[in-house]
Number of protein chains: 2
Amino acid sequence: MPRDTRQRQAIRDVLDDAGRPLSPPDILKVARKRVPGLGQATVYRTIRALVDEGWLVTVELPGQAPHYERSGLAHHHHFRCRQCERVFEVGGCPGNLKSLTPPGFRLEGHELTLYGVCSTCASD
Amino acid sequence: MPRDTRQRQAIRDVLDDAGRPLSPPDILKVARKRVPGLGQATVYRTIRALVDEGWLVTVELPGQAPHYERSGLAHHHHFRCRQCERVFEVGGCPGNLKSLTPPGFRLEGHELTLYGVCSTCASD
DNA sequence: ATAGATGCAAAGGGTTTGCACTTGA
DNA sequence: TCAAGTGCAAACCCTTTGCATCTAT
């Protein structure tokens, strides 16, 4: 069972507050505001521990380093802003995926990523 | 304008023959059968050149190094076999994506990756 | 007290770059 | 001929690991 350290606390707070998937460098940058000397190795180690515990889930985005978000969210997908590079969660799912699957293939899961411009960047 | 070298020829042949997206290491491995001393740097440089020329397109898969496929294919998506790790093209698109996009966001593109077991692996 | 956690620095794995040599045009 | 292309090795970037030190329990 993990100890309750300042570093771990800070990392969890960052992810709790973000409300969207973050990359390890994102997490390091923000968490260092609360724990100045925080090392990157600690971030990577803590992320892995939190994933193993089931507190975080890995979000794998095309062409991106993995991001992490809190677990327990309903089935959803992601939208990546091409301007600010932030990743947002989007509800729902297009469904109908079985019909795309070739005959003889067994469909077990899927990932959908939308690309475009977020509302913040679009209004500039 | 690029020269017609054995290396470049071999790399294009490999991609032409594959019929599915390949990673740089995949390409290196197969192309070395035709050009034994082929260096990895040449593969990476040639891939980039072919992408810039528009002969290849980059296929970015979640949690994977980028793969490359011939350009000019109709809109399609990909299926990744969890057993053999190969990536296949699948026709069609679920559509209906605009309805998933949050208000104020501008949708410009999308990537869909299906996961499961391909017919070859499923029949074992 | 003491095992787990941390920070630093070095090691890894995949991709890119520098440079002298080779080769297509 | 001679610049583009190549192969090698070193450099890079991001992530992981080794290890001495620190710290929550």
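Begin by selecting the open sheet of 6 strands, which runs in the order E4(A)-E3(A)-E5(A)-E5(B)-E3(B)-E4(B) with mixed pairing. Strands here are DSSP runs of E, at least two residues long, and helices are runs of H or I of at least four, each numbered from the N terminus; two strands pair if DSSP finds at least two bridges between them. The edges are formed by strand E4 (87-91) of chain A and strand E4 (87-91) of chain B, each of which pairs on one side only. Neighbouring strands of the sheet are turned by 30° against each other on average, direction ignored, the axes being lines fitted to C-alpha atoms.

The model is predicted: local features need pLDDT of at least 70 and side-chain atom pairs pLDDT 80 or more, while totals for chains, interfaces and linings use all residues. Residues are numbered from 1 along each chain as its sequence is written, chains are lettered from A and ligands numbered from 1 in the order in which they are written, and side-chain values use heavy atoms, without hydrogens or water.

Within the sheet, select strand E3 (residues 76-81) of chain A, which is joined to E4(A) by 5 bridges in an antiparallel arrangement. A:Arg80 has A:Val87, in E4(A), as its bridge partner.

Next, display DNA strand C with the 21 residues that surround it; A:Arg3, A:Thr5, A:Thr42, A:Arg45 and B:Tyr44 are the closest. A residue is near a strand if one of its heavy atoms lies within 4 Å of it. Three polar contacts (pairs of N or O atoms within 3.5 Å) merit inspection. A polar side-chain atom of A:Thr5 is 2.8 Å from a phosphate oxygen of DNA strand C. The side chain of A:Arg45 places an N or O atom 2.8 Å from a base nitrogen of this strand, and B:Arg3 has a polar side-chain atom 3.1 Å from a base oxygen of DNA strand C. Helix H1 (6-18) and helix H3 (40-53) of chain A, with helix H3 (40-53) of chain B, each give two or more residues to this surface; H3(B) contributes the largest share, 5 residues.

Finally, move to DNA strand D, also with 21 residues around it, where A:Arg3, A:Tyr44, B:Arg3, B:Thr5 and B:Thr42 come nearest. Here B:Arg3 has a polar side-chain atom 2.7 Å from a base nitrogen, B:Thr5 has one 2.6 Å from a phosphate oxygen, and B:Gln7 has one 3.0 Å from a sugar or linking oxygen. H3(A) gives the most to the surface near DNA strand D, with 5 residues.

Technical notes. A polar contact is a pair of N or O atoms within 3.5 Å; within protein, one must be able to donate a hydrogen and the other to accept it, and residues adjacent in sequence count only if both atoms are side-chain atoms. Axes are lines fitted to C-alpha atoms, for helices over the stretch in contact, and angles run from 0 to 180 degrees between N-to-C directions.
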